[in-house]
Amino acid sequence: MDELDLTGRLMADMDPQLLKFLQAKVNSFVKWDLVRFFHDNPHTTDTAGNIARYAGRTADTIRVELAELAQDGVLEESQLGDMAVYSLASDRYVRDLLEQFVKASDDRQFRVKVIYHIIRGTR
Amino acid sequence: MERIKTGIPGLDGMLCGGFLPQTANLVEGAPGTGKTTLGMQFIYHGIVACGEPGLILTFEEFPQQYYNDAANFGWDFRQMEQEGKLRVIMTSPEVSKADLEQVGGRIERLVQKIGAKRILVDSLSHFERLSRDPAHLRSIIYGFVNSLKREGLTAVLTRESMALLGEAEEGGDEASAFLVDSYVLLRYVEIESAVRKAILVLKMRGSDHDKGIRQFDVTSRGVEVQSPFEGREGIMSGSPRRMADSFVQAFVRR
């Protein structure tokens, strides 16, 4: 079986909306951590440095990922004085999709698919 | 005069009915004394007994921790959030300060959206990393406290004390006690080889208050303030003596 067949088989039974969300927005392990963090802490607004601390990573590791999630509409980036701060997008559609994604992540098979997708995307 | 009840009967009695509206109230104590529980009880009581929605501003613990801790007392904070009566916001002192300084910032919008009347800030100690200059730190905390009052909130601000028993250590933020309207101190006390907890209202601006030192405990129902320590002195030193012993020391052994 070639790689395309395996990918097709792994993704075939995934909800198309979640698949699109995964491919377009959660394309790294750090982003996966971050969307999970904002799902669990939906009222958080903070700087990259503080979010890194909460997530147990360094600011350099997450700065680009936060900016990309903001570009993709999952997060909102705003300026507070001289600080760039991030919060979860208020868009109801994005929040519902994130809720579905995190719920689906409770399933081991789904997690395997996400991991496969991310590793394949990093090549 | 209108009072904002904490929901802790013994403490409300010590406060002559409760905190005064739109005031900042400092609760200081060592780790595990029950500062956060007292603050959560204040928020819970506001929501269920007074119809006053509340905010919890946390600078360290994750909201999940509050949901879990509250559930241990039978307080369903998650449900209250879903009903729009509570928001647990994890953020940092610098961001919340800057946000409150803005016109129409997130916290201000949230206060208006849920009609919040109470806030727990857990803890004020985290402001200490914003400045090492005591005068600057005092100015930062002064501005923060005033912005909460401006929003019409009655605040419980916790502050950590590293002194497990006895007098607090020197250093750190010493100014906030002057900036707040009331100051409640929680202390561990060693009595006959057992550790008990003491509560004292040190200051209450604009009101009389109980000057006694009372025992308290954190039970399955939350904080419960009990009777005063009787027949002992030096409670706040952490190692009280029987008054009779002191009498003997002072007079008989001379």
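In the predicted model, nine strands of chain B form an open sheet of mixed pairing, in the order S3-S2-S4-S5-S1-S6-S7-S8-S9. Its edges are strand S3 (86–90) and strand S9 (222–228) of chain B, each of which pairs on one side only. Neighbouring strands of the sheet are turned by 25° against each other on average, direction ignored. Helix H2 (residues 35–50) of chain B packs on this sheet. The helix touches S1, strand S2 (54–58), S3, S4, S5, S6, S7, strand S8 (213–219) and S9 of chain B, and its direction makes about 165° with that of S4(B).

Within the order of the sheet, S1(B) stands between S5(B) and S6(B). Strand S1 (residues 24–29) of chain B is joined to S5(B) by six bridges in the parallel sense. Two residue pairs illustrate this pairing. B:Leu26 has B:Leu157 as its bridge partner in S5(B), and B:Gly29 stands opposite B:Glu160 of the same strand, S5(B). Towards S6(B), strand S1(B) also pairs in the parallel sense, here over five bridges. On that side, B:Glu28 faces B:Leu185 in S6(B).

S1(B) is mostly covered, with six of its six residues buried. In a regular strand, side chains alternate between the two faces of the sheet. For S1(B), B:Ala24, B:Leu26 and B:Glu28 lie on one side, while B:Asn25, B:Val27 and B:Gly29 lie on the other. Both faces of S1(B) are covered, since all of these residues are buried, that is, under 20% relative accessible area.

Strand S5 (residues 154–160) of chain B is likewise mostly covered: six of its seven residues are buried. Besides its pairing with S1(B), S5(B) is joined by four bridges to strand S4 (residues 118–122) of chain B, and these two strands run parallel. In this pairing, B:Arg118 stands opposite B:Thr154 in S5(B). Together with helix H7 (residues 134–150) of chain B, S4(B) and S5(B) make a right-handed β-α-β unit. H7(B) lies across S1, S2, S4 and S5 of chain B and runs at about 155° to S5(B).

The mixed character of the sheet is seen further along its order, where strand S6 (residues 182–191) and strand S7 (residues 194–204) of chain B run antiparallel. Ten bridges join S6(B) to S7(B). One position of this pairing sets B:Tyr183 opposite B:Lys203 in S7(B).

Chain A has seven helices and three strands. Along its sequence, the elements of chain A follow the pattern α-α-α-β-α-α-β-β-α-α. Buried residues make up 45% of the 123 residues in chain A. Among the contacts in chain A with a separation of 6 or more, 63% are between residues 24 or more positions apart.

The three strands of chain A form an open, antiparallel sheet in the order S1-S3-S2. Strand S1 (45–47) and strand S2 (75–80) of chain A are the edge strands, each pairing on one side only. On average, neighbouring strands of this sheet are turned by 35° against each other, direction ignored. Three bridges join S1(A) to S3(A) in the antiparallel sense, and A:Asp46 stands opposite A:Tyr86 in S3(A). Two helices lie across strands of this sheet. Helix H4 (residues 48–55) of chain A lies across S1 and S3 of chain A, at about 100° to S1(A). Helix H5 (residues 59–71) of chain A lies across S2 and S3 of chain A, at about 110° to S2(A).

The mean pLDDT of chain A is 87, and 88% of its residues reach 70 or more. Among the elements of the chain, strand S3 (residues 83–88) of chain A has the highest mean pLDDT, 96, and helix H1 (residues 3–12) of chain A the lowest, 63. Where pLDDT is low, the predicted coordinates should not be read in detail.

The two chains meet in an interface in which 17 residues of chain A are in contact with 16 residues of chain B. The size of an interface is often given as the accessible area lost when the parts come together. Between chain A and chain B, the buried area is about 1300 Å², of which carbon and sulfur atoms give 53%. On the side of chain A, the residues that lose the most area to chain B are A:His43, A:Tyr54 and A:Leu80, together 43% of what that side buries.

Terms used
Residues are numbered from 1 along each chain as its sequence is written. Chains are lettered from A and ligands numbered from 1 in the order in which they are written. This is a predicted model: local features need pLDDT of at least 70, side-chain atom pairs count only at pLDDT 80 or more; totals for chains, interfaces and linings use all residues. Side-chain values use heavy atoms; hydrogens and water are left out. pLDDT is the predictor's confidence in each residue, from 0 to 100. Two strands pair if DSSP finds at least two bridges between them. Axes are lines fitted to C-alpha atoms, for helices over the stretch in contact, and angles run from 0 to 180 degrees between N-to-C directions. Contact means heavy atoms within 4.5 Å. Buried means under 20% relative accessible area, exposed over 50%, partly exposed in between (1.4 Å probe, protein chains only). A crossover is right-handed if, with the strands pointing away from the viewer, the path from the first strand over the helix to the second runs clockwise. Buried area is the accessible area (1.4 Å probe) that two parts lose on being put together, summed over both.
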